[in-house]
Structures are given as structure tokens and as C-alpha cells.
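Colleague: Got a minute to go through this one with me? I have a handful of questions, and short answers are fine.

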Amino acid sequence: MSMKSAKNLPVLELKHVSFASGKNLVLKDISCTVNKGDFIGLIGPNGSGKTTLIKIMLGIYKNYAGEILIGGVKLSRFNQWSKSVMFLKKQQAWILFFLQQ
């Protein structure tokens with residue numbers, strides 16, 4: 001991959017992500033793209049899957065369907081999240097920052 005094409009890659013891509021906890025389908029077919037400089041927020045009622053989605057993106061929950069790419073690289077290829085992600089929980093709000101190296 002050339003440097004020029006890497007600069008144009010989305011920071012985060014979710015492609016048809018689904019997740020079930022037991023028999024309960026928590027997330028179904030979630031897709032989105034986050035580009036450098038974008039600000040995103042997850043809004044929804046209690047139990048709608050916001051925290052689950054963040055835990056999937058952090059690699060805490062691994063048994064999801066679909067594909068997650070960070071800078072064009074599959075999530076499963078990341079070993080040490082501390083180098084790429086800062087995760088904060090404050091006053092019941094989850095904030096996820098993807099840091100560019």
C-alpha cells in the first residue's frame with residue numbers, strides 16, 4: 001500500500017457488524033465509516049448496544065460477525081490497543097479516540 005493511498009483510508013470502518021449475547025441479538029448489521037477529522041457520537045436508549053459496540057471496537061468482545069478496520073487494517077490484527085486507542089469513561093459517557101501515529 002502506498003503512502004498516498006494510506007492517507008486516504010478511513011480511520012475506522014464497520015462493515016455489517018452484528019453481535020449476539022446468548023440468544024439475544026444486541027447489534028444487527030451496523031455499518032459506518034469514520035474519516036480523519038470526523039466527530040462521532042453514539043446515542044440511544046439504555047440497552048440499545050452502545051457500550052457493546054465500543055467493547056467490540058476495543059477488542060474486548062471478539063465473537064462478532066462482520067468486519068472492523070482501523071486505518072485499513074483488520075481489528076483482529078491489532079495486539080496492543082494502548083498504542084492506537086485511548087478509552088475513557090466519565091459520567092456514564094463513553095469516549096473513544098483513535099490516535100494517528
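Colleague: Is Phe-19 buried, partly exposed or exposed?
Modeller: Bear in mind that this is a predicted model. The relative accessibility of Phe-19 comes out at 8%. The cut-off for burial is under 20%, so Phe-19 counts as buried.

Colleague: And which class does Tyr-61 fall into?
Modeller: Tyr-61 has 29% relative accessibility. Exposed would need over 50% and buried under 20%, so Tyr-61 counts as partly exposed.

Colleague: What geometry do the rings of Phe-19 and Tyr-61 adopt?
Modeller: A search of the whole structure turns up one aromatic pair, and Phe-19 with Tyr-61 is that pair. Phe-19 sits in strand S1 and Tyr-61 in the loop between H2 and S3, 42 residues apart. The centres are 5.2 Å apart with 5° between the planes. Planes under 30 degrees apart make the cut, so the pair is stacked.

Colleague: What is the strand order in the sheet?
Modeller: It's an open sheet of four strands with antiparallel pairing. Strand S2 (24-34) and strand S4 (73-74) each pair on one side only, as edge strands. S3 (residues 65-70) and S4 pair over two bridges, with Ile-70 opposite Val-73. The order reads S2-S1-S3-S4.

Colleague: At what angle does helix H2 run to S1?
Modeller: Helix H2 covers residues 50-57 and lies across S1 (12-21), S2 and S3. Relative to S1, the helix runs at about 120°.

Colleague: Which elements give two or more residues to the largest nonpolar core?
Modeller: That core has 14 residues, and Leu-14, Leu-53 and Ile-68 are among those touching the most other members. Leaving aside neighbours within four places in sequence, Leu-14 has contacts that include Leu-53, Met-57 and Ile-68. The elements giving two or more residues are S1, S2, H2 and S3.

Colleague: Is Thr-33 buried, partly exposed or exposed?
Modeller: Thr-33 is in strand S2, and its C-alpha is 7.8 Å from that of Val-11, 22 residues away along the chain. Beyond neighbours within four places in sequence, Thr-33 contacts Pro-10, Leu-12, Glu-13 and Asp-38. Its relative accessibility is 45%, so Thr-33 counts as partly exposed.

Colleague: Where does the pLDDT drop below 50?
Modeller: The chain averages a pLDDT of 78, and 70% of the residues score at least 70. One stretch below 50 has nine contacts in the model beyond near neighbours in sequence. That stretch is residues 90-95.

Notes:
Residues numbered from 1 in each chain as written. Predicted model: local features only at pLDDT ≥ 70, side-chain atom pairs only at ≥ 80, totals over all residues. Heavy atoms only, no water. Pairing = 2+ DSSP bridges. Contact = heavy atoms within 4.5 Å. Axes fitted to C-alpha atoms, helices over the stretch in contact; angles between N-to-C directions. pLDDT = per-residue confidence, 0-100. Core = buried A, V, L, I, M, F, W, Y, C linked by side-chain atoms within 4.5 Å. Buried < 20%, exposed > 50% of the residue type's maximum accessible area, 1.4 Å probe, protein only. Phe/Tyr/Trp six-rings, centres within 6.5 Å; stacked < 30°, edge-to-face > 60°.
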